[in-house]
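This briefing is for a reader new to the structure. Please look over the sequence and the model shown below before going through the points.

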Amino acid sequence: VARPPRPVIASLPPPERRLDPALNHLVSEVTKFGFEQFSPPPIADRDLFFGHPRLVSEFGPRVIELKSQNGADSVLCPTHFLSLLKSDLQSQQTEGPHVAKRFYLAPVVEQGAREEANQHRLRHELGIFVLGDEGWFANAHLLYSLTQILTRLGITKFVSEINSLGCKTCQRDYQNFLQEHLRKMNSELCMNCQANLESQSPLSVWGCSEAECRSLLADAPQIVDFLDTACRSSLISVLEAADELGIPYSLNPTLSDSFLEEQVLFRITVQDRLIGFGGNYTFLSEYLGRQGRIPALGFVTSFEKFWDLMPAEWQIPLRHTEVFIVALGELASRKVLKLHRELLTAGIRVAEGLLGNMGIRQQLKEAQEQNSEIALIVGQKEA
């Protein structure tokens, strides 16, 4: 297999701020809200990212391809949500329609930009998904879970910007109106916006960062005014749920995403720093080869975006045991292993310091570092 270039990591945390404890804290908090962990494979068949033109345009430049001797093509995954969705599609086919809450937290590798030839970027991607339901309550539940997870991690100064892109019917009516409005000032738009305006995705103009384009778009019609009854009702229900739950949010009728295509979407920011986008991924079921729509809502971000926002206490090991067993001598050590098993079976958080020939002072120090409630010393006589 042809090996990819070595990863380039922009920065590493100082020794006293380790990634592992914070990653463990994050996983622990997500599971408390009923999301089951999915373990995505780091390598996938090439067809997963090249099976549809829309996927090629989004992921093609970021994929690192691996050529094997037997001719089978595979890639290093630049994202894992396609693997998650494909797994759910297979599950829906074999088990029938059902609702599931899944998440993953795993490294992804993607090709660097053109100016970063022979380099690639490594990060820990976090995806949190509600599968099998795309109603307003499922949207509100996902948003509630995300904001509660942030709060429990000590990240409190966040805002959720919410919008709806409507369904395909809403978009068709809106796009015609938007194109007519912007064609009057077409020459003043940047080249990308001019191209998007004439393409099948004129909504992409809302994602332009050019100041002049943003100024020209200020008076453009907004899609919320073109939503049909069902799409408008869904958006209003999500906003009312956010109000009732006390979730800080703002209605942003110009909010769009380069990948998400329809219905309610949102992004979460902390002091103008983007945490991630969430929304409706149902359209991907057809891109992944499934006939018919299989509902899917999700939020995708990276752990690195959480890192600097998490309080320092979440970035140190969370160690707490009820009993730390201190063994003195070989006979005691053998007895301690059996005792350790019995305490674990009884549901007691227990630890020991048997390895490394540590003396009693070192073991008691380890017990203290683990915030142990009891240090149980087993010597020759006790054994």
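Two strands count as paired if DSSP finds at least two bridges between them. The model is predicted. By that rule, three strands form an open sheet with parallel pairing, in the order E14-E13-E15. Another open sheet, in the order E3-E5-E4, has antiparallel pairing. The points below cover these two sheets, a contact between two helices, and the cavities.

**The parallel sheet**

- Strand E14 (350-352) and strand E15 (374-378) are at the edges of the sheet with order E14-E13-E15; each has a single partner strand, so one side of each is left without a neighbour in the sheet.
- From one strand to the next, the twist of this sheet averages 25°.
- Strand E13 (residues 323-327) pairs with E15 in the parallel sense, over 5 bridges.
- Within this pairing, Val-323 has Ile-374 in E15 as its bridge partner.
- Helix H12 (residues 330-345) packs on the sheet and touches E13, E14 and E15. The direction of H12 makes about 165° with that of E13.
- Helix H13 (residues 360-369) lies across E13 and E15. H13 runs at about 170° to E13.

**The antiparallel sheet**

- In the sheet with order E3-E5-E4, the edge strands are strand E3 (43-45) and strand E4 (64-67), each of which pairs on one side only.
- The twist of this sheet averages 40° from one strand to the next.
- E3 and strand E5 (residues 73-76) run antiparallel and are joined by 3 bridges.
- Two residue pairs can be located between E3 and E5: Asp-45 stands opposite Ser-74, and Ile-43 stands opposite Leu-76.
- E4 pairs with E5 in the antiparallel sense, over 4 bridges.
- On that side of E5, Lys-67 stands opposite Asp-73.

**The contact of H5 with H9**

- The axes of helix H5 (residues 136-152) and helix H9 (residues 229-245) come within 9 Å of one another and cross at roughly 35°.
- The crossing of H5 and H9 is right-handed.
- From H5, the residues that take part are Trp-136, Asn-139, Ala-140 and Tyr-144. They meet Ser-234, Ser-237, Val-238, Ala-241 and Leu-245 in H9.
- Of the residues in this contact, 6 are nonpolar, 3 are polar and none is charged.

**The largest cavity**

- Rolling a probe the size of a water molecule over the atoms shows where empty space is left.
- A search of the whole structure gives 2 cavities of 30 Å³ or more.
- The largest cavity holds about 70 Å³ of space.
- Its lining is made up of Leu-26, Leu-126, Ile-128, Leu-146, Ile-149, Leu-150, Ile-268, Ile-275, Phe-299 and Phe-306.
- By class, this lining divides into 10 nonpolar residues, with no polar and no charged ones.
- Strand E7 (120-131) and H5 each supply at least two residues of the lining.
- H5 gives the most to the lining of the largest cavity, with 3 residues. H5 is also the helix whose axis crosses that of H9.

**The second largest cavity**

- About 60 Å³ of space lies in the second largest cavity.
- The residues that line the second largest cavity are Leu-85, Asp-88, Leu-89, Leu-131, Tyr-281, Thr-282, Leu-284, Ser-285, Ile-294, Pro-295 and Ala-296.
- Two elements give two or more residues to this lining: helix H4 (81-95) and helix H10 (284-287).
- H4 gives the most to the lining of the second largest cavity, with 3 residues.
- The lining of the second largest cavity divides into 8 nonpolar, 2 polar and 1 charged.

Key:
Residues are numbered from 1 along each chain as its sequence is written. This is a predicted model: local features need pLDDT of at least 70, side-chain atom pairs count only at pLDDT 80 or more; totals for chains, interfaces and linings use all residues. Side-chain values use heavy atoms; hydrogens and water are left out. Axes are lines fitted to C-alpha atoms, for helices over the stretch in contact, and angles run from 0 to 180 degrees between N-to-C directions. A crossing is left-handed if the near helix is turned anticlockwise from the far one by less than a right angle, and right-handed if clockwise. Contact means heavy atoms within 4.5 Å. Ala, Val, Leu, Ile, Met, Phe, Trp, Tyr, Cys and Pro count as nonpolar, Asp, Glu, Lys and Arg as charged, and the others, Gly among them, as polar. On a 1 Å grid over the protein atoms alone, a cavity is a set of points where a 1.4 Å probe fits but cannot get out, and a pocket is an open set with protein on both sides within 12 Å along at least five of seven lines; lining residues have an atom within 4 Å of a point. Grid points are joined across faces, edges and corners, and a volume is the space filled by probe spheres set on the points.
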